[in-house]
Amino acid sequence: MEIYNVFWKDIWIGVLSVKEDGLYKYQAKEEEINRLKDTVPFDPILMESKDWGEAIPFFKSRLECAEKFPDLEIGFPTDSYRLKKVSKNV
């Protein structure tokens, strides 16, 4: 399983977990999101936690692109969302 901290700019807003079988789980840091939601145009997928289930396209596309460019941070240059890998259990 791989675990990623999810950031908006430098603010930690959630944790994404990805299992080897392709299941995703997202845990939103609701306190931070609620503090910022009136000033930041958050993607709705990031505003609430999701239990284990199929891949979340918002994250899947970023992770797939990051595989092609492993030396770059995980995110798109068109927005302020970034993922930082924090662990991988083997």
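Contact, in these legends, means heavy atoms within 4.5 Å. The views that follow come from a predicted model.

**Figure 1. Ala 55 sits in the loop between strand S4 (50–53) and helix H2.** Apart from neighbours within four places in sequence, Ala 55 has Gly 22, Tyr 24 and Lys 60 as its contacts. Is this residue buried, partly exposed or exposed? With a relative accessibility of 25%, Ala 55 counts as partly exposed, because the buried class is kept for values under 20%. If you would like a distance to find your bearings, take Glu 31: its C-alpha atom is separated from that of Ala 55 by 24 Å, and the two residues are 24 apart along the chain.

**Figure 2. The whole chain, to place the close-ups, has two helices and six strands.** Following the sequence, you meet these elements in the pattern β-β-β-α-β-α-β-β. The C-alpha trace spans about 40 × 30 × 20 Å along its principal axes. For 90 residues, a compact globule would have a radius of gyration near 12 Å, and the 13 Å of this chain agrees with that. Of the 90 residues, 37% are buried. Among contacts with a separation of 6 or more, 46% are between residues 24 or more positions apart. The accessible surface comes to about 5900 Å², and carbon and sulfur atoms account for 52% of it.

**Figure 3. Strand S3 (residues 24–28) shows two faces.** In a regular strand, side chains alternate between the two faces of the sheet. Which residues of S3 point to the buried side? Tyr 24, Tyr 26 and Ala 28 share one face and are buried, whereas Lys 25 and Gln 27 point to the other face and are not. Strand S2 (residues 11–18) runs antiparallel to S3, and five bridges join the two. One residue to look for is Gly 14, whose bridge partner in S3 is Ala 28. The hairpin of S2 and S3 has five residues between the strands, and there Gly 22 takes a positive phi near 90 degrees. S3 also pairs with S4, again in the antiparallel sense, over two bridges. Here Tyr 26 has Lys 50 in S4 as its bridge partner.

**Figure 4. Each of the two helices carries a salt bridge between residues about one turn apart.** Side chains of opposite charge can pair when their charged atoms come close. In helix H1 (residues 30–36), Glu 32 and Arg 35 are three residues apart, which separates them by about one helical turn. Their closest N and O atoms are 2.6 Å apart in the salt bridge. Arg 35 is exposed, at 54% relative accessible area, because the exposed class starts over 50%. In helix H2 (residues 57–68), Lys 60 and Glu 64 lie four residues apart, again about one turn. The N to O distance in their salt bridge is 3.9 Å. Lys 60 is partly exposed at 36% relative accessibility, and Glu 64 is partly exposed too, at 39%.

**Figure 5. Asp 79 and Arg 62 meet in a salt bridge.** How far apart are the N and O atoms of this pair? The distance is 2.3 Å. Asp 79 belongs to the loop between strand S5 (74–75) and S6, and Arg 62 to helix H2, so the pair ties together parts that are 17 residues apart in sequence. Asp 79 is partly exposed at 22% relative accessibility, while Arg 62 is buried at 5%. Through salt bridges with shared partners, Arg 62, Glu 73, Asp 79 and Arg 82 join into one network. The structure holds seven salt bridges.

**Figure 6. Arg 82 lies in strand S6 (residues 81–88).** This arginine has a relative accessible area of 18% and counts as buried, because the limit for that class is under 20%. Which side chain does Arg 82 meet in a polar contact of 2.6 Å? The partner is Glu 73. The side chain of Arg 82 also reaches the backbone oxygen of Asp 79, at 3.2 Å. Leaving out neighbours within four places in sequence, the contacts of Arg 82 include Asn 5, Val 6 and Phe 7. Glu 73, Ile 74, Gly 75, Phe 76 and Pro 77 are also among the contacts of Arg 82.

Terms used: Residues numbered from 1 in each chain as written. Predicted model: local features only at pLDDT ≥ 70, side-chain atom pairs only at ≥ 80, totals over all residues. Heavy atoms only, no water. Buried < 20%, exposed > 50% of the residue type's maximum accessible area, 1.4 Å probe, protein only. Polar contact = N/O pair within 3.5 Å; in protein donor to acceptor, adjacent residues only side chain to side chain. Salt bridge = Lys/Arg side-chain N within 4 Å of Asp/Glu carboxyl O. Rg over C-alpha atoms; globule rule 2.2 N^0.38 Å. Areas by Shrake-Rupley, 256 points an atom, 1.4 Å probe, with all protein chains shown as cover. Pairing = 2+ DSSP bridges.
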